[in-house]
Amino acid sequence: MSLQNNNLQKLMIVCQQMVQKGTSPSVALLRAKAPFKASVTEAIEAIKHFNAANGASDPASICLLYTSDAAD
């Protein structure tokens with residue numbers, strides 16, 4: 001397993017934990033809760049994969065979530 005794939009899996013696990021706690025994964029939250037220093041690109045990829053695996057209807061909302069988090 002490559003390091004990049006391993007990081008993606010770790011981030012997807014964090015996404016799952018957020019959903020179980022009732023929080024929608026966003027780039028900013030995922031980066032803050034990641035067990036390593038995750039880049040914006042890594043966070044976006046993880047959320048895309050997580051949404052695809054869990055049947056999310058609008059993966060494009062990632063950009064909106066990141067924008068709204070950055071504005072706070």
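The exercises below work through a predicted model of one protein, each with a stepwise solution.

**Ground rules**

Residues are numbered from 1 along each chain as its sequence is written, and side-chain values use heavy atoms, with hydrogens and water left out. Because the model is predicted, local features need pLDDT of at least 70 and side-chain atom pairs count only at pLDDT 80 or more, while totals for chains, interfaces and linings use all residues.

**Exercise 1. Lay out the fold.**

Task: State how many helices and strands the protein has, and give their pattern along the sequence.

Solution.
- Step 1. Take the DSSP runs: helices are H or I with at least four residues, strands are E with at least two, and numbering starts from the N terminus.
- Step 2. Count them: the protein has 4 helices and 0 strands.
- Step 3. Read along the sequence: the pattern is α-α-α-α.
- Step 4. Place some of the elements. Helix 1 covers residues 3-20. Helix 2 covers 27-33. Helix 3 covers residues 40-53. Helix 4 covers residues 61-71.

**Exercise 2. Judge the confidence.**

Task: Find which element has the lowest mean pLDDT and which has the highest.

Solution.
- Step 1. Recall the scale: pLDDT is the predictor's confidence in each residue, from 0 to 100.
- Step 2. Start with the whole protein: the mean is 81, and 74% of residues reach 70 or more.
- Step 3. Split by element: helix 4 has the lowest mean, 46, and helix 2 the highest, 96.
- Step 4. Look at the weak stretch: pLDDT is below 50 over residues 59-72, and this stretch has 14 contacts in the model beyond near neighbours in sequence. A contact means heavy atoms within 4.5 Å.

**Exercise 3. Describe surface and core.**

Task: Give the share of buried residues, then identify the residues with the most contacts inside the largest nonpolar core.

Solution.
- Step 1. Set the classes: buried is under 20% relative accessible area, exposed is over 50%, and partly exposed lies in between (1.4 Å probe, protein chains only).
- Step 2. Apply them: buried residues make up 25% of the 72 residues.
- Step 3. Take the surface, using Shrake-Rupley areas with a 1.4 Å probe. The protein exposes about 4,700 Å², and carbon and sulfur atoms supply 55% of it.
- Step 4. Define the core: buried Ala, Val, Leu, Ile, Met, Phe, Trp, Tyr and Cys residues joined through side-chain atoms within 4.5 Å.
- Step 5. Read it out: the largest core has 13 residues, with L11, C15, L30, A46 and I47 having the most contacts inside it. Helix 1, helix 2 and helix 3 each supply at least two of its residues. Helix 1 gives the most, with 5 residues.

**Exercise 4. Locate the salt bridge.**

Task: Which side chains meet in a salt bridge, and how are they placed?

Solution.
- Step 1. Set the test: a side-chain nitrogen of Lys or Arg within 4 Å of a carboxyl oxygen of Asp or Glu.
- Step 2. Count: the structure holds 1 salt bridge.
- Step 3. Name the pair: K48 and E45, at 3.8 Å from N to O.
- Step 4. Place the pair: both lie in helix 3, 3 residues apart, about one turn of the helix.
- Step 5. Check cover: K48 is partly exposed at 40%, and E45 is partly exposed at 33%.

**Exercise 5. Examine the loop between helix 1 and helix 2.**

Task: Are P25 and S26 buried or exposed?

Solution.
- Step 1. P25 lies in this loop. Its relative accessibility is 10%, so P25 is buried.
- Step 2. S26 is in the loop too. Its relative accessible area is 2%, so S26 is buried.
- Step 3. Follow the S26 side chain: it reaches the backbone nitrogen of L29 at 3.3 Å.
- Step 4. Look along the chain from P25: F50 is 25 residues away, with 9.2 Å between the C-alpha atoms.

**Exercise 6. Trace links from helix 1.**

Task: Which residues do N7 and Q16 touch beyond four places in sequence?

Solution.
- Step 1. N7 is in helix 1 and is buried at 13%. N7 touches F36 and E42.
- Step 2. Q16 is also in helix 1 and is partly exposed at 29%. Q16 contacts F50 and N54.
- Step 3. Add the distance: Q16 and F50 are 34 residues apart in sequence, yet 7.9 Å apart C-alpha to C-alpha.
- Step 4. Widen the view: among contacts with a separation of 6 or more, 48% join residues 24 or more positions apart.

Terms used. Polar contact = N/O pair within 3.5 Å; in protein donor to acceptor, adjacent residues only side chain to side chain.
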